[in-house]
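User: Please take a close look at the nonpolar interior of this model, and follow it with a word on any unusual backbone angles. I would like one connected account.

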Amino acid sequence: MRIIRGKYGRRRFDVPGNITARPTTDFARENIFNVIENIVDLDGATALDLFAGTGAISLEFLSRECASVTCVEKAATQYNFIRRVVQQLNAANINVLRGDALRYLETCRSAYDIVFADPPYDMPGFAEVPARILSSGAVRPGTLVIVEHSKAHDFSSLPGFFDHRQYGSVNFSLFRVASPDDSSSQPSESNQQ
């Protein structure tokens, strides 16, 4: 696994063979971060990475100067790997939590600038994940939400949806949380692929 850009750019880490996560490909990660950086200034932003897997997304946020990153991962192997990489980087502004991402959302009282979620594609209840994020305490007006998913899902009817990106077999739906009295703050829909 490699960090693509930023202060830790080009650093590589050997992922243990027993990790069961499906990491976002470098190609998809590089492209979605280009999109994110055109929407949000990551320098000083706060980010939440749900279903963190190998931590590649969290580390990319960290490398690109987010003020703080919280990542949530349930599996012990992945959690331990992320902790080991964070120690190697000597990074202090990342909070690695071991636990269920959806349970974290239920109790979350801190809103973030960016929420990224990459649930297992075969997870029961996958289709409800974006709505659960959008209605949680992890978001506030202006929060950018990115959900990675397979082509089997279409989230374009959910509130705040404004873009869909596809890179190979990887799909991303993007949402922007509007303030209750202003729906005009939504970026224009481009649906570029």
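Analyst: What follows describes the nonpolar cores and then two backbone positions.

The model is a predicted one, and its largest nonpolar core has 39 residues. Within this core, the residues with the most contacts are Ile32, Phe61, Ile146 and Phe172, while the largest share of the core, six residues, is contributed by helix H3, which spans residues 76-89. In soluble globular proteins, nonpolar side chains tend to be buried together.

Phe172 can be followed outward through its neighbours: leaving aside residues up to four places away in sequence, Phe172 touches Ile32 and Ile146, and its other contacts include Ala28, Phe116, Val147 and Tyr167. The list of residues touched by Phe172 also holds Thr24, Glu148, His149, Asp163, His164 and Arg165. Apart from the largest core there is a second, separate core of 25 residues, among them Leu50, Met123, Val129 and Ile133.

Turning to the backbone, Asn90 lies in the loop between H3 and strand E3, the latter covering residues 94-98, and it has a positive phi of about 55° although it is not a glycine. Asn90 counts as exposed because its relative accessibility is 68%, where the cut-off for exposed is over 50%.

Arg10, found in the segment before helix H1 (26-39), is likewise a residue other than glycine with a positive phi, here near 75°. With a relative accessible area of 73%, Arg10 is exposed.

Definitions and conventions
Residues are numbered from 1 along each chain as its sequence is written. This is a predicted model: local features need pLDDT of at least 70, side-chain atom pairs count only at pLDDT 80 or more; totals for chains, interfaces and linings use all residues. Side-chain values use heavy atoms; hydrogens and water are left out. A nonpolar core is a set of buried Ala, Val, Leu, Ile, Met, Phe, Trp, Tyr and Cys residues joined through side-chain atoms within 4.5 Å. Buried means under 20% relative accessible area, exposed over 50%, partly exposed in between (1.4 Å probe, protein chains only). Helices (H or I, at least four residues) and strands (E, at least two) are DSSP runs, numbered from the N terminus. Contact means heavy atoms within 4.5 Å.
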